[in-house]
Amino acid sequence: MQRRPPSPLIPDYLSYLSCTRRLYVTLPSSNTEHIMSHQPTVIKEGEWQDGLCGCCSGGHFWMGCCCPCILVNKTHELLENPSNQSPSGCGIWGCAWCGLNFCGGWGWILECLQRGEVRSKHRIEGSGCTDCLVACCCPCCGVIQSHKEVEKRRDAMKGGAPDKIGYQGQAPMRA
């Protein structure tokens with residue numbers, strides 16, 4: 001099988017740098033380097049951005065499994081102030097959730113209320129019955145899903161996370 005020669009339109013150098021999450025492309029016809037970043041977050045209306053079993057991705061898995069009360073409080077603070085860039089992990093809502101869980105396993109009530117608030121605020125389809133089922137049967141996954149939802153909506157509202165600001169081309173060169 002014969003290989004075709006590379007087209008002059010195809011970049012001769014592509015490398016993905018995982019530490020900066022940028023794709024550097026050098027075009028063969030010039031020494032101009034363009035940076036292409038991830039596109040801004042696209043929000044699917046009326047549904048959760050991640051499934052209930054999507055709790056393993058996004059960097060919140062260990063926090064949600066080991067200290068879900070921290071994520072519960074962060075989610076609550078993001079619901080109150082969506083532009084908050086660094087919500088606190090310690091607060092009344094997380095302490096109440098933790099206390100209710102230690103005193104009889106009643107933390108699912110707060111989680112159910114919080115999921116309902118996330119759904120109503122972002123117009124996500126569902127019901128109180130499904131919120132209760134998730135809060136009772138999969139509490140850690142539910143906490144992670146709610147937190148990721150609120151974070152993604154916050155990032156989409158501000159135009160994407162800092163490393164998700166879309167394509168940034170260079171200004172044209174002048175002679």
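I began with the surface of this predicted model. The exposed area comes to about 11100 Å² for the protein. Of that area, 62% is supplied by carbon and sulfur atoms.

Next I looked up burial. The protein has 175 residues, and 33% of them are buried.

I then went through the secondary structure. I found six helices and four strands. Read from the N terminus, the order is β-β-β-α-α-α-α-α-α-β. Three strands thus come before the run of helices, and one strand follows it.

I checked how far apart in sequence the contacting residues sit. Among contacts with a separation of 6 or more, 58% join residues 24 or more positions apart.

Which residues make up the largest nonpolar core? I listed nine: C55, C69, L71, V72, W93, W97, L110, V143 and I144. I then asked which elements give two or more residues to this core. They are α2 (68-80), α3 (92-102) and α6 (139-157). The element that gives the most is α2, with three residues.

Apart from this core I noted another one, of six residues. W48, L78, L79 and I124 are among them.

Last, I went back to V143, one of the residues of the largest nonpolar core. What is V143 in contact with, once neighbours within four places in sequence are left aside? I recorded P68, L71, V72 and E111. Of these, L71 and V72 are also listed in the largest nonpolar core.

Key. Residues numbered from 1 in each chain as written. Predicted model: local features only at pLDDT ≥ 70, side-chain atom pairs only at ≥ 80, totals over all residues. Heavy atoms only, no water. Buried < 20%, exposed > 50% of the residue type's maximum accessible area, 1.4 Å probe, protein only. Contact = heavy atoms within 4.5 Å. Areas by Shrake-Rupley, 256 points an atom, 1.4 Å probe, with all protein chains shown as cover. Core = buried A, V, L, I, M, F, W, Y, C linked by side-chain atoms within 4.5 Å.
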